[in-house]
Amino acid sequence: MKNSKATIYKSGQDALEARIAYRIAARLNERAETVDTDISERLRFAREKALEKAQAARNAEAAHVISGGNVAAALLGGGNGWWVKLGSALPLVALAAGLMVIQHLHTQAQISVAAEIDAELLADDLPPAAYSDEGFVEFLKTPRD
Amino acid sequence: MASDKELSDFLKSVEKRAFKRVAYAVRDDDAALDIVQDSMIRLAEKYVDRPPAELPLLFQRILSNATMDWFRRLKVRNAHVRNFSDFESSDEDGDFNILETLEALDSSAGTESAADSVSRAQILLVIESEVSQLPGRQREAFTLRYWEELDVAETAQVMGCSEGSVKTHCSRAVHALAKALKAKGIAP
């Protein structure tokens, strides 16, 4: 019983304090609105400067994101439009074509060397020992196209 | 993320109170303006990506820290130790009854005469003067809690103390103000 009375008294006291406090705060608000023009102007200048800084911070953030995006696009071979994409794909195409040409030339060289050896063998006089070679006999038996 | 307009509106709504609060503490208008400007810029640079709802608490924290930094620099410069917690007033309310202040306050509501209106500016000046004369921690708790309308937990967060301390500081501040204003025959 005693406790509940104390609680009621305390909450009543708190409410009373809050009412007075808010009234005083309202008077402070009124007073704050009457600051000198000079101070108002300096506060306005400070606010505008802060807004400029905020804008600069946003721009810096945006630039960071864009540059990050460009690096990613370059790494992935992307770009702005089909021509840029084609341009970035051109070296790859040239490399593939070059490799194919080299492979072809290499094969041709091997064939011509083998043909020369065959031609020399066929044009040369056949040694008698060749007829005793099983492999050569087999070669002769193989039908020609 | 707060837009330019939201940030601008917020700063506009809070700048005068912020200036006054700091001016009560540092008692130097130029220094108060510098502190408010630094706080605004710090908020804009570091916390521009935060939602608008978070700005009031962030700004009050930045402002309080900037004010404390100013005092630290002053202390170093002057080699003069000033302990803000020593501002606590004695709690000798005697037989002062806070209810009398509210009764006076209620009886004056809606009965303001022309003469009262004329002297209103002077009354506001006296109230402001009494608030500025409060001990530092009491004034900070009072202005954050009732002027900036932060709740007890937010006030404690800004002040870096417990919620219980905030309630105690606020209660003492209100009693001190009510008593001082009653002594001067002013109902807030």
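**Exercise 1.** Is B:R27 buried or exposed, judged by the other C-beta atoms within 10 Å?

*Solution.* The model is predicted, so local features are taken only at pLDDT of at least 70 and side-chain atom pairs only at pLDDT 80 or more, while totals for chains, interfaces and linings use all residues. Residues are numbered from 1 along each chain as its sequence is written, and chains are lettered from A and ligands numbered from 1 in the order in which they are written.

Step 1. Set the cut-offs: a residue is buried if 20 or more other C-beta atoms lie within 10 Å of its own, exposed if 12 or fewer, and partly exposed in between, with C-beta atoms placed from the backbone.

Step 2. Apply them: B:R27 has 10 other C-beta atoms within 10 Å and is therefore exposed.

Step 3. Locate the residue: B:R27 lies in the loop between α1 and α2 of chain B. Helices (H or I, at least four residues) and strands (E, at least two) are DSSP runs, numbered from the N terminus.

Step 4. Check the backbone: B:R27 is not a glycine, yet its phi is positive, about 55 degrees.

**Exercise 2.** Describe the secondary structure and burial of each chain.

*Solution.* Step 1. Chain B has 8 helices and 0 strands, in the order α-α-α-α-α-α-α-α from the N terminus on.

Step 2. Of the 188 residues in chain B, 34% are buried.

Step 3. Take the contacts of chain B with a separation of 6 or more: 68% of them join residues 24 or more positions apart. Two residues are in contact if their C-beta atoms, placed from the backbone, lie within 7 Å.

Step 4. Chain A has 4 helices and 0 strands, with the pattern α-α-α-α along the sequence. Of its 145 residues, 10% count as buried.

**Exercise 3.** How do α1(B) and α2(B) pack, and which residues meet?

*Solution.* Step 1. Two packed helices are described by the angle between their axes and the distance between the axes. Axes are lines fitted to C-alpha atoms, for helices over the stretch in contact, and angles run from 0 to 180 degrees between N-to-C directions.

Step 2. For α1(B) and α2(B) (residues 29-46), the angle is about 145 degrees and the axes are 9 Å apart.

Step 3. The crossing is right-handed. A crossing is called left-handed if the near helix is turned anticlockwise from the far one by less than a right angle, and right-handed if clockwise.

Step 4. On the side of α1(B), the residues are B:L7, B:L11, B:E15, B:A18, B:F19, B:V22, B:A23 and B:V26. They meet B:D29, B:A31, B:A32, B:L33, B:I35, B:V36, B:M40 and B:A44 in α2(B).

Step 5. This contact has 14 nonpolar, no polar and 2 charged residues. Ala, Val, Leu, Ile, Met, Phe, Trp, Tyr, Cys and Pro count as nonpolar, Asp, Glu, Lys and Arg as charged, and the others, Gly among them, as polar.

**Exercise 4.** Place B:A18 in its surroundings.

*Solution.* Step 1. B:A18 is in helix α1 (residues 4-26) of chain B.

Step 2. B:A18 has 26 other C-beta atoms within 10 Å and is therefore buried.

Step 3. Leaving out residues up to four places away in sequence, B:A18 touches B:V36 and B:L63.

Step 4. B:E148 is 130 residues away from B:A18 along the chain, and their C-alpha atoms are separated by 9.0 Å.

**Exercise 5.** Follow chain B from α6 to α8.

*Solution.* Step 1. In helix α6 (residues 136-147) of chain B, 11 of the 12 residues are buried. Among them are B:F142, B:L144, B:Y146 and B:W147, and also B:R137 and B:E140.

Step 2. B:E149 lies in the loop between α6 and α7 of chain B. Its phi is positive, near 60 degrees, although B:E149 is a residue other than glycine. B:E149 has 12 C-beta neighbours inside 10 Å and so counts as exposed.

Step 3. Helices α7 (residues 152-159) and α8 (residues 163-183) of chain B pack at about 100 degrees, with their axes 8 Å apart. α7(B) and α8(B) are therefore roughly perpendicular. Angles under 35 degrees count as roughly parallel, over 145 as roughly antiparallel, 65 to 115 as roughly perpendicular and the rest as oblique.

Step 4. B:V152, B:A153, B:T155, B:A156 and B:M159 of α7(B) make the contact with B:E163, B:V166 and B:K167 of α8(B). These residues divide into 5 nonpolar, 1 polar and 2 charged.
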